[in-house]
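Dear colleague,

Please find below the structure that I am handing over to you, together with its sequence. My account of what was found in it follows directly afterwards.

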Amino acid sequence: MNRKDIVKIVSEKTIQNNLEVAKTMEAIIDTIKGAIISGESVYLRGFGTFNNTLLAEKKARVITENRQIIIPPRFKATFKASKNFTNEMNS
């Protein structure tokens, strides 16, 4: 399922036109991205939590050159599904 499919389904369920639903969806996604980038968690009850997790510095090898490199610390967006959502998936 892609964004276009979601817009179509939500449009049918809410009896709104596709353009309004698409604008609303873009606003929601932009809000979640902005919060995660600024370091906040986004909790959606019954769905899950979006976080910005710091990954530690690590060492890696470039096999072709036989040398070691250091990958600097970086942030990664993560999602953890809520218990209710996980239970619904497994039932």
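I begin with a contact between charged side chains: R67 and E65 meet in a salt bridge, with an N to O distance of 2.5 Å. Please note that this is a predicted model, and that the values in this message are accordingly computed ones. R67 has a relative accessible area of 42% and is therefore partly exposed, since that class lies between 20% and 50%.

How many salt bridges does a search of the whole structure find? The search finds two. Besides the pair just described, the side chains of R3 and E26 meet in a salt bridge, at 2.1 Å from N to O. R3 belongs to helix α1 and E26 to helix α2, so this pair ties together parts that are 23 residues apart in sequence. R3 is partly exposed, at 43% relative accessible area, and E26 is likewise partly exposed, at 32%. In general terms, side chains of opposite charge can pair when their charged atoms come close.

The helices α1 and α2 also appear in the description of the largest pocket. This pocket has a volume of about 150 Å³. Its lining consists of I6, V10, Q16, V21, T24, M25, I28 and I29. Helix α1 (3-14) and helix α2 (18-37) are the elements that give two or more residues to this lining. The largest share, five residues, comes from α2. What is the character of the lining residues: nonpolar, polar or charged? Six of them are nonpolar and two are polar, while no charged residue takes part.

I turn next to the strands. Strand β1 (residues 42-44) pairs with strand β2 (residues 48-55) in the antiparallel sense, over three bridges. Within this pairing, Y43 has T49 of β2 as its bridge partner. The two strands β1 and β2 form a hairpin with three residues between them, and in the turn G46 has a positive phi of about 80°. Strand β2 is also joined to strand β5 (residues 74-81): eight bridges link the two, which run antiparallel. In this second pairing, L55 stands opposite R74 of β5.

The aromatic residues form the last topic. A pair of aromatic rings is described by the distance of the centres and the angle of the planes. Four aromatic pairs are found in a search of the whole structure. One of them is formed by F47 and F50, which are tilted, with 6.5 Å from centre to centre and 40° between the planes. The rings of F50 and F79 make another pair, with centres 4.8 Å apart and planes at 45°; that pair is tilted because its angle is neither under 30 degrees nor over 60. F50 lies in strand β2 and F79 in strand β5, so their pair ties together parts that are 29 residues apart in sequence.

Are F47 and F79 buried, exposed or in between, and what is the relative accessibility of each? F47 counts as partly exposed, at 34%, and F79 also counts as partly exposed, at 37%. Together, F47, F50, F79 and F85 form one aromatic cluster.

To draw the strands and rings together, β2 is joined to β5 by eight bridges, and F50 of β2 pairs with F79 of β5.

With kind regards

Definitions and conventions:
Residues numbered from 1 in each chain as written. Predicted model: local features only at pLDDT ≥ 70, side-chain atom pairs only at ≥ 80, totals over all residues. Heavy atoms only, no water. Pairing = 2+ DSSP bridges. Helix = DSSP H or I, 4+ residues; strand = E, 2+ residues; numbered from the N terminus. Phe/Tyr/Trp six-rings, centres within 6.5 Å; stacked < 30°, edge-to-face > 60°. Buried < 20%, exposed > 50% of the residue type's maximum accessible area, 1.4 Å probe, protein only. 1 Å grid on protein atoms, 1.4 Å probe; cavity = no way out; pocket = protein on both sides within 12 Å on 5 of 7 lines; lining within 4 Å. Points joined across faces, edges and corners; volume = space filled by probe spheres on them. Nonpolar A, V, L, I, M, F, W, Y, C, P; charged D, E, K, R; others polar. Salt bridge = Lys/Arg side-chain N within 4 Å of Asp/Glu carboxyl O.
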